[in-house]
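Colleague: Got a minute to walk me through this one? I'd like to go residue by residue.

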Amino acid sequence: MIKPTMQRILATALQLLLTPRRLAIFAALYAGLLATVYGFVVVREATIAQVLLTLVLVVAAPIEFFILQALILETARDPRFGWRRTFQTSLKLIAASLPLLIIGAGLFLALNQWQSHYPAPVAPPWLIEANPVQQNIHRPTFLFSTLRWLLFGVALPLFLIHLWIGISANDHRVGAGSKFAATWRIIRQTATRAFTPSSMLTYTIGLLLFAMVPYAILFARIPINGARTDFAVFIARLLLLFAVTLFGWLLTVTTLARETFDLGLQINDERDALRSLDLQVESL
């Protein structure tokens, strides 16, 4: 399981590096998304024009995000992607993600409310001064932090990625039966694909690239002498942070998508073979 997964990740990384034009498109979209978020943060809401600009940025940021995700999935499925299909897929991703995001926000608020019943004790100043190093770990705080990390850092993002992949592959069709049964079937299929060992391993490796490594780059302490050197190192950190985050996310989503698409093609080939065999049997 580990060796095939690593081979698939390395093959995907090599294919991404050998397509600089596609990487440039991804980088431009990602830079536009960051610029939109930055504009939303720095624009003040003092005049009517600034309020309208803030509202435009609020709407533009998620649209740019989902267009980027749709483009990643479309290029993973077919390198000869089209912008029209990408926009259509992005609208489907938005519609499918909203319920899950609302559920995630509700779970986050519920966890905060639940944790408020287990406040961490405040140590007196004299105890901190007497023993500044050895402090007892507050178990409820540790458990809630771990639960948040597993839920919002692993489970929900991984489920959401595989939901996007299923939408891009047109696997999520309602078909016959009730809407509840169809929705439950989609949830079950998505969860089955999302939490396989191969998918978990791929996401864990990707998480190191687009989350852990950028965190280390951003907060690593480097002894610097001089204002110019400090500014140059700061710019280099931002560029490296931009590249590592983008490439790590691209690698994760593309690898997961190609694994699902290849499995779907294999299943379709097996179905076609069985149908041809049945036709041969009937002819006999």
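**Rings, a serine and a helix**

Modeller: Sure. This is a predicted model, and I'd start with F108, which counts as partly exposed at 37% relative accessibility.

Colleague: Which class does the pair of F108 and F152 fall into, stacked, tilted or edge-to-face?

Modeller: There are 11 aromatic pairs in the structure. In this one the ring centres of F108 and F152 are 5.6 Å apart, with the planes at 70°. Planes over 60 degrees apart get their own class, so the pair of F108 and F152 is edge-to-face.

Colleague: How many residues apart in sequence are the parts that this pair ties together?

Modeller: F108 belongs to helix α4 (residues 83–115). F152 belongs to helix α6 (residues 139–168), so the pair ties together parts whose separation in sequence is 44 residues.

Colleague: And F152, is that buried, partly exposed or exposed?

Modeller: Buried would need under 20% relative accessible area, and exposed over 50%. F152 has 26%, so the class is partly exposed.

Colleague: Which residue has its charged end over the ring of F108?

Modeller: A charge sitting over a ring has to be within 6 Å of the ring centre. Here the distance from the centre of the F108 ring is 5.9 Å, and the charged end belongs to R148.

Colleague: Moving on to S199, is that residue buried or exposed?

Modeller: S199 is part of helix α8 (residues 197–219). Its relative accessibility is 1%, and the limit for buried is under 20%, so S199 counts as buried.

Colleague: Which side chain makes a polar contact with the side chain of S199?

Modeller: S199 touches L158, H162, R193, A194 and L256, leaving aside residues up to four places away in sequence. With A194, the side chain of S199 reaches the backbone oxygen, at 2.7 Å. The side-chain partner, at 2.8 Å, is H162.

Colleague: Why do the buried residues of α1 end up on the same side of the helix?

Modeller: Helix α1 (residues 2–17) spans 23 Å from first C-alpha to last, close to the 22 Å expected. Its buried residues are T5, I9, T12, A13 and L16. In an α-helix there are 3.6 residues a turn, so residues three or four places apart point the same way. The buried set of α1 is on the same side because the arc it covers around the axis is only 100°.

Colleague: Which exposed residues does the face of α1 turned away from that buried side carry?

Modeller: Exposed takes over 50% relative accessible area. On the face of α1 turned away from the buried side, the exposed residues are K3 and L10.

Key:
Residues numbered from 1 in each chain as written. Predicted model: local features only at pLDDT ≥ 70, side-chain atom pairs only at ≥ 80, totals over all residues. Heavy atoms only, no water. Helix = DSSP H or I, 4+ residues; strand = E, 2+ residues; numbered from the N terminus. Buried < 20%, exposed > 50% of the residue type's maximum accessible area, 1.4 Å probe, protein only. Polar contact = N/O pair within 3.5 Å; in protein donor to acceptor, adjacent residues only side chain to side chain. Contact = heavy atoms within 4.5 Å. Expected span 1.5 Å × (residues − 1). Arc of directions from axis to C-beta. Phe/Tyr/Trp six-rings, centres within 6.5 Å; stacked < 30°, edge-to-face > 60°. Lys NZ or Arg CZ within 6 Å of the ring centre and 35° of its normal.
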